[in-house]
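Here is a quick tour for anyone meeting this protein for the first time. Have a look at the model, then read on.

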Amino acid sequence: MKRLTHKQLADLSIRLARRVPELKEEIQSKLAQSDLQHYKNLAGQVSDAADESVASMLIDIDAAIVDRHVGELRDIDAARLRMSKGSYGRCTDCGKAVAYERLEVYPTAKRCRYCQERHEKRYSHQATPSL
């Protein structure tokens, strides 16, 4: 596979830069909603255990969304750092080029498709909660 062209790299850099304010706005919105929901719960809007359970679940979902957005911001920072070092578009595991088509879909990708599949198979069991 060939290296990224200057135009491809510039386009991907712009996409990453544009995503940052979107994510920050979404995070601020979710946190504001979470604060509002917390206030409503304290004010006595939750009338029974079922309502409390639903309210708690919604707060947990909002927290998970915020965590995902923060993770994406970290991935963007890491991708931009790789760009500045000249290693963006190279697999962090094997060193081969990451396909431009993959980077178009997932601009923060740090692994080629093959290494990503191998990584997911190797570590997929760790994300499974158990009781």
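## The largest pocket

Let's start with an opening in the surface: the largest pocket holds about 200 Å³ of space. Keep in mind that you are looking at a predicted model. The residues lining this pocket are Asp 75, Ala 78, Arg 82, Arg 102, Tyr 106, Thr 108, Ala 109, Lys 110, Arg 111, Gln 116, His 119 and Glu 120.

What classes do the residues of this lining divide into? Six are charged, three are polar and three are nonpolar. As for where they come from, helix α2 (49-85) and helix α4 (113-123) each supply at least two residues of the lining.

## The overall picture

Now step back to the whole protein. There are four helices and zero strands, so to speak a plain run of α-α-α-α when you read from the N terminus on. Of the 131 residues, 23% count as buried.

The accessible surface comes to about 9600 Å², and carbon and sulfur atoms account for 54% of that surface. How do the contacts look along the chain? Take the contacts between residues at least 6 apart in sequence: 60% of them join residues at least 24 apart.

## A cavity inside

Besides the pocket, the structure holds one cavity of 30 Å³ or more. About 50 Å³ of space lies in the largest cavity. Lined up around that space are Lys 2, Arg 3, Leu 4, Tyr 88, Gly 89, Arg 90, Ala 97 and Val 98. By class, that lining has four nonpolar residues, three charged ones and one polar one.

How can empty space like this be found at all? Rolling a probe the size of a water molecule over the atoms shows where empty space is left.

## Where α1 meets α2

Helix α1 covers residues 6-42, and Ile 27 has its place in this helix. Is Ile 27 buried or exposed? Ile 27 is buried, with a relative accessible area of 11%. Setting aside its neighbours within four places in sequence, you'll find Ile 27 in contact with Val 66, His 69, Val 70 and Leu 73. Ile 65 is also worth finding: Ile 27 and Ile 65 are 38 residues apart along the chain, yet their C-alpha atoms are separated by 8.2 Å.

From the other side, look at Ile 76, which lies in helix α2. Ile 76 counts as buried, at 1% relative accessibility. Not counting residues up to four places away in sequence, Ile 76 touches Leu 16, Arg 19, Val 20, Leu 23 and Thr 108. Ser 13 is 63 residues away from Ile 76 in sequence, and the two are 9.6 Å apart in space, C-alpha to C-alpha.

Back in helix α1 you'll also spot a proline, Pro 21. Pro 21 is partly exposed, with a relative accessible area of 48%. Between Pro 21 and Leu 73 there are 9.7 Å in space, C-alpha to C-alpha, with the two 52 residues apart in sequence.

## A loop residue beside the pocket lining

Thr 92 lies in the loop between α2 and α3 (100-105). With a relative accessible area of 43%, Thr 92 is partly exposed. Which residues does Thr 92 contact, leaving aside its neighbours within four places in sequence? They are Arg 82, Lys 110 and Arg 111. You've met those names before, among the residues lining the largest pocket. Thr 92 and Arg 82 are 10 residues apart in sequence, and their C-alpha atoms are 10.0 Å apart in space.

## Cysteines without a bond

How many disulfides does the structure hold? The count is zero. Why does Cys 91 go without one? The closest cysteine sulfur, in Cys 115, is 3.7 Å from the sulfur of Cys 91, and that is too far for a bond, because a disulfide needs the two sulfur atoms within 2.5 Å. Cys 115 is in no disulfide either, with the nearest cysteine sulfur, that of Cys 112, 3.6 Å away.

As for cover, Cys 91 counts as buried at 4% relative accessibility. Cys 115 is buried too, with a relative accessible area of 1%.

Technical notes
Residues are numbered from 1 along each chain as its sequence is written. This is a predicted model: local features need pLDDT of at least 70, side-chain atom pairs count only at pLDDT 80 or more; totals for chains, interfaces and linings use all residues. Side-chain values use heavy atoms; hydrogens and water are left out. Buried means under 20% relative accessible area, exposed over 50%, partly exposed in between (1.4 Å probe, protein chains only). Contact means heavy atoms within 4.5 Å. Accessible areas come from the Shrake-Rupley method with a 1.4 Å probe; for residues, only the protein chains shown count as cover. On a 1 Å grid over the protein atoms alone, a cavity is a set of points where a 1.4 Å probe fits but cannot get out, and a pocket is an open set with protein on both sides within 12 Å along at least five of seven lines; lining residues have an atom within 4 Å of a point. Grid points are joined across faces, edges and corners, and a volume is the space filled by probe spheres set on the points. Ala, Val, Leu, Ile, Met, Phe, Trp, Tyr, Cys and Pro count as nonpolar, Asp, Glu, Lys and Arg as charged, and the others, Gly among them, as polar.
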